[in-house]
Amino acid sequence: MDDVGVVASEFATVRVSLDTQGNSPRLRLEDLRSGAVRFLDALELESIVWAPEGFLRELLDPSRHRWRDDGSEGCGP
Amino acid sequence: MSTAELTGDLRSRVRPDRVHGSLYTDPDVYARELERIWYSTWVYVGHTSEVPQPNDYVRKHIGPQQVVLTRDRTGAIHVLHNRCSHRGNLVCDADRGNSSSFRCPYHGWTFANTGELLGFPFNQGYGGAQAKERLSGLGAAPRVESYRGFVFASLAAEGPTLREHLGAAAERIDQLCRLSPEGEVELTAGWVRHEVTANWKMLVENETDGYHPQFVHSSIFSISGSGIGALYSDKSTAVTRALGGGHSENDLSPEFRRLGVPMGWSGTPESKIPDYAAAMRATYGAETGDEIMINGSPHVMIFPNLFIAEIQLFVIQPVAVDRTVQHVTAIQFAGAPDLNRRLVTQCVGSVGPAGMLLADDAEMYERNQRGVAQRQPEWLDLSRGLARERTDEHGFTVGTATDETSMRAMWAHYLTLMDPA
């Protein structure tokens, strides 16, 4: 696994690395404040690159990710 | 004291040749200054070079108000109040950063760097995501404008434009920017925060007081071998000029033109910065380039809080009637790396944490504040040079380099804001 670095601000701290254990490389994102991990493959990354601006804005709503109250499961430590 | 009582009383405390000591110590006066000056007129906030990239932000201030200067993803500049719309917590804590959104650490309310509310945790408690429509985002300064990269904000929705507010002081910003081969100033050298136990007006008055340098700053002038001190004398051709709007300057350029030495004003001989001198002549032509380098950098106080002192820039921040913070940085010029390195070194010596110039002034501010708390005599004298003031060819009131012309003009403008006739 190649460590790319830590992307940090006063609001969040995420370790970014390149994971090569699968059959093709993928990005490994680790929320260092909680330990939660998400992998993003090439197609998912390309989709983010091309996503409309509103997509990320919507995702930044805390009720859409870690603090949703519909009981659905998501990434976690 | 009630508003009505203060209104009548203020005009009696500001006379053409003196001001009453209570203007520096009275909490009622300070409270009115916040409303009538700091939260009404244009106040300097920051520089676009401090937020060069999309989503950059820096924490700044408008008097005691904490604000965040942001550049959104489209490049637009915003000045936001640093206060969560939920429970009032400070949203941003870092001095600077890069983030498209800000998340309050108290309950997680999240805002775009335009101030828009993006969401909050567990939104069912508010009836779902649509509650964003009725809840507030971050407060924003109703008016934000910039001039040559200098960003000002007004917390009043209406009033004079920034250009009207700056008036002739805008030309001094032009003068500063012309000293860059690329025509731009960059405030990228970092900041020193220097707090003094003194009223903010002590600082404003001092910035263009040419009477004190030979006394207060004699040690740094002698150690550094600077000839600047001698320019603040009645024999000098330099002048103190009231620029209107409470702005003022010490114009030393007549002396620099008389000497005719490129960069003579700066304390850095041209031989030490050959790349800069060559770039200036390449940009402006040999003759104009030399004129700009001879003429020098402005020494201008832009009311109420921006002081450009040749090689350094001060931002004045009142935090209480008797406490003021000066934020200081070395001015950097785009396209001038060799000059910029020397300017940082010079500023460390003059206004750095152990700098001599700022320490000299700070000592006087604090002694002055303690002094005006004494009972007698009640008034501070402002009469120096009153009888020899004249109007220059541009219609500005000028005095000699040591006259108190700038203070008198500042107080006259102060009254127009604090107690409009």
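Q: How many residues lie between strand 5 and strand 6 of chain B in their hairpin, and which residue in the turn has a positive phi?

A: This is a predicted model, so keep that in mind throughout. In it, strand 5 and strand 6 of chain B form a hairpin with 5 residues between them, and B:Gly75 in the turn has a positive phi of about 100 degrees. The two strands pair in the antiparallel sense over 5 bridges. To find your way along the pair, look for B:Val68, whose bridge partner in strand 6 is B:Leu80.

Q: And on the other side, how many bridges join strand 4 of chain B to strand 5 of chain B?

A: There are 6 bridges, and strand 4 (residues 56-62) and strand 5 run antiparallel. They make a hairpin too, with 2 residues between them, and B:Gly63 in that turn has a positive phi of about 60 degrees. One pair to click on is B:Lys60 with its bridge partner B:Val67 in strand 5.

Q: How should I think about the side chains on a strand?

A: In a regular strand the side chains alternate between the two faces of the sheet. Now for the case here.

Q: How many residues of strand 5 of chain B are buried?

A: For strand 5 (residues 65-71), it's 6 of the 7, so the strand is largely enclosed by the rest of the structure.

Q: Which helix can I read in that way?

A: Try helix 5 (residues 200-207) of chain B: 8 of its 8 residues are buried, so it too is largely enclosed by the rest of the structure. Among the buried ones are B:Trp200, B:Lys201, B:Glu205 and B:Glu207. The cover over helix 5 includes strands 17, 18, 19 and 20, plus helix 13 (356-372) and helix 14, of chain B.

Q: Which residues touch the most other members of the largest nonpolar core?

A: That core has 104 residues, and the ones touching the most other members are B:Val43, B:Tyr44, B:Val45, B:Leu69, B:Phe111, B:Phe152 and B:Ala153. Helix 14 (residues 405-418) of chain B gives the largest share, 6 residues. The core draws at least three residues from each of domain 1 (44-147) and domain 2 (169-418) of chain B. For a close-up, take B:Ala153: beyond its neighbours within four places in sequence, its contacts include B:Val43, B:Val45 and B:Ile62.

Q: How many residues of chain B are in contact with chain A?

A: 20 residues of chain B are in contact with 11 residues of chain A. Strand 8 of chain B gives the most to chain B's side, with 3 residues. By class, that side has 9 nonpolar, 9 polar and 2 charged residues.

Key:
Residues are numbered from 1 along each chain as its sequence is written. Chains are lettered from A and ligands numbered from 1 in the order in which they are written. This is a predicted model: local features need pLDDT of at least 70, side-chain atom pairs count only at pLDDT 80 or more; totals for chains, interfaces and linings use all residues. A nonpolar core is a set of buried Ala, Val, Leu, Ile, Met, Phe, Trp, Tyr and Cys residues joined through C-beta atoms within 7 Å. A residue is buried if 20 or more other C-beta atoms lie within 10 Å of its own, exposed if 12 or fewer, and partly exposed in between; C-beta atoms are placed from the backbone. Helices (H or I, at least four residues) and strands (E, at least two) are DSSP runs, numbered from the N terminus. Domain bounds come from an automatic or database domain assignment. Two residues are in contact if their C-beta atoms, placed from the backbone, lie within 7 Å. Ala, Val, Leu, Ile, Met, Phe, Trp, Tyr, Cys and Pro count as nonpolar, Asp, Glu, Lys and Arg as charged, and the others, Gly among them, as polar. Two strands pair if DSSP finds at least two bridges between them.
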